[in-house]
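The exercises below ask for a careful reading of one model, with each solution worked out in steps. Please keep the sequence and the structure in view while reading.

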Amino acid sequence: MLLKAENLQKQFGNTIVLKDISLEVNEGEVVAIIGPSGSGKSTLLRCLTQLEKVDKGRINVCGKQMVETIQNKAVYADYKTLHDIILDVGLVFQNFNLFPHYSVLKNIVDAQMNVLGIAKDKAKSKAMELLTKMNLKDRAGAYPCELSGGQQQRIAIARALALNPRILFFDEPTSALDPELTGEILKVIRSLAEEKMTMVIVTHEMSFAKDVADRVIFMDAGVIVEEGTPDAVFSNTINQRTKDFLQRFSQE
């Protein structure tokens with residue numbers, strides 16, 4: 001098991017966003033998280049990747065304790081442990097987050113040099129290998145503004161993979177793309193799933209979640225309403241809230 005989260009709680013002001021969330025992710029597993037806007041999906045991802053801090057709960061990543069609740073308060077690990085955990089995870093945002101003044105190659109090379117301390121030649125070799133995998137080798141010298149949204153997202157995925165994460169998180173990776181470019185990204189993620197990359201994907205692409213995920217989690221109003229195999233959630237659910245969401249989604 002690479003990730004275990006127990007009884008996570010998070011609120012912003014008076015708004016409770018996560019209410020007693022627990023989940024596990026096994027090595028090589030692809031978990032899709034679906035649900036309506038405002039259900040807490042992205043906040044959950046941000047808490048699992050240290051971009052937000054939980055108010056209560058326990059998170060263990062790759063055998064390292066990130067946070068636990070002591071005397072009713074979330075207590076985080078020391079700096080070194082948290083830094084080691086960061087090295088185990090990768091996060092691909094919906095809006096790419098590339099450095100606009102860096103070339104495609106420099107975006108990937110500098111990440112390796114700065115985070116992993118890898119020599120420039122080795123980092124460049126790894127970057128070119130990943131660009132070839134993403135079918136973007138010929139765009140190494142281009143800048144983000146010269147690329148399509150789909151190409152930028154593939155670069156963002158390559159940059160995340162360059163850091164050798166054990167778990168890769170995606171936060172709505174296709175939401176900023178038109179339907180044609182969405183297919184490019186889903187193809188890349190599908191290929192990573194075939195390579196048994198451990199992934200947690202927040203997505204609104206229901207057919208993709210059904211095809212690629214080993215397990216689907218349906219969230220609503222800060223809680224996990226249902227989880228199970230894609231077939232159980234999409235085709236055989238007996239949960240009325242899940243049925244209502246899927247029916248409404250299919251009509252949009």
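**Exercise 1: charges and rings**

In this predicted model, K53 lies over the face of Y76, at 5.0 Å from the ring centre; the criterion is that NZ of Lys or CZ of Arg is within 6 Å of the ring centre and within 35 degrees of the ring normal. Because the model is predicted, local features need pLDDT of at least 70 and side-chain atom pairs count only at pLDDT 80 or more, whereas totals for chains, interfaces and linings use all residues. Residues are numbered from 1 along each chain as its sequence is written, and side-chain values use heavy atoms, with hydrogens and water left out.

Task: find the ring under the charged end of K106, and state how that ring is paired.

Solution. Step one: the charged end of K106 sits over the ring of Y102, 4.7 Å from its centre. Step two: the structure holds two aromatic pairs, where rings of Phe, Tyr and Trp (its six-membered ring) pair if their centres lie within 6.5 Å, with planes under 30 degrees apart counted as stacked, over 60 as edge-to-face and the rest as tilted. One of these is formed by F99 and Y102, with 5.2 Å from centre to centre and 50 degrees between the planes, which is a tilted arrangement. Step three: F99 has 43% relative accessibility and therefore counts as partly exposed, on a scale where buried means under 20% relative accessible area, exposed over 50% and partly exposed in between (1.4 Å probe, protein chains only).

**Exercise 2: the sheet and its helices**

Task: give the strand order of the open sheet of five strands, then place helix α1 against this sheet.

Solution. Step one: the order is β2-β1-β4-β5-β6, and the pairing is antiparallel; two strands pair if DSSP finds at least two bridges between them, and the elements are DSSP runs numbered from the N terminus, helices being H or I with at least four residues and strands E with at least two. Step two: β2 (15-25) and β6 (73-76) each have a single partner strand, so one side of each edge strand is left without a neighbour in the sheet. Step three: strand β1 (residues 3-12) pairs with strand β4 (residues 56-61) in the antiparallel sense over five bridges, and L3 stands opposite V61 in β4.

Step four: helix α1 (residues 41-48) packs on the sheet and touches β1, β2, β4 and β5 (64-70), its direction making about 120 degrees with that of β1. Contact means heavy atoms within 4.5 Å, and axes are lines fitted to C-alpha atoms, for helices over the stretch in contact, with angles from 0 to 180 degrees between N-to-C directions. Helix α2 (residues 79-88) also packs on the sheet, touching β4, β5 and β6.

**Exercise 3: burial and cysteines**

Task: is C47, in α1, buried or exposed, and how far away is the nearest cysteine sulfur?

Solution. Step one: six of the eight residues of α1 are buried, among them C47, whose relative accessible area is 0%. Step two: the structure holds zero disulfides, a disulfide being a pair of cysteine sulfur atoms within 2.5 Å; for C47, the nearest cysteine sulfur is that of C62, 18 Å away. Step three: C145, at 70% relative accessibility, counts as exposed.
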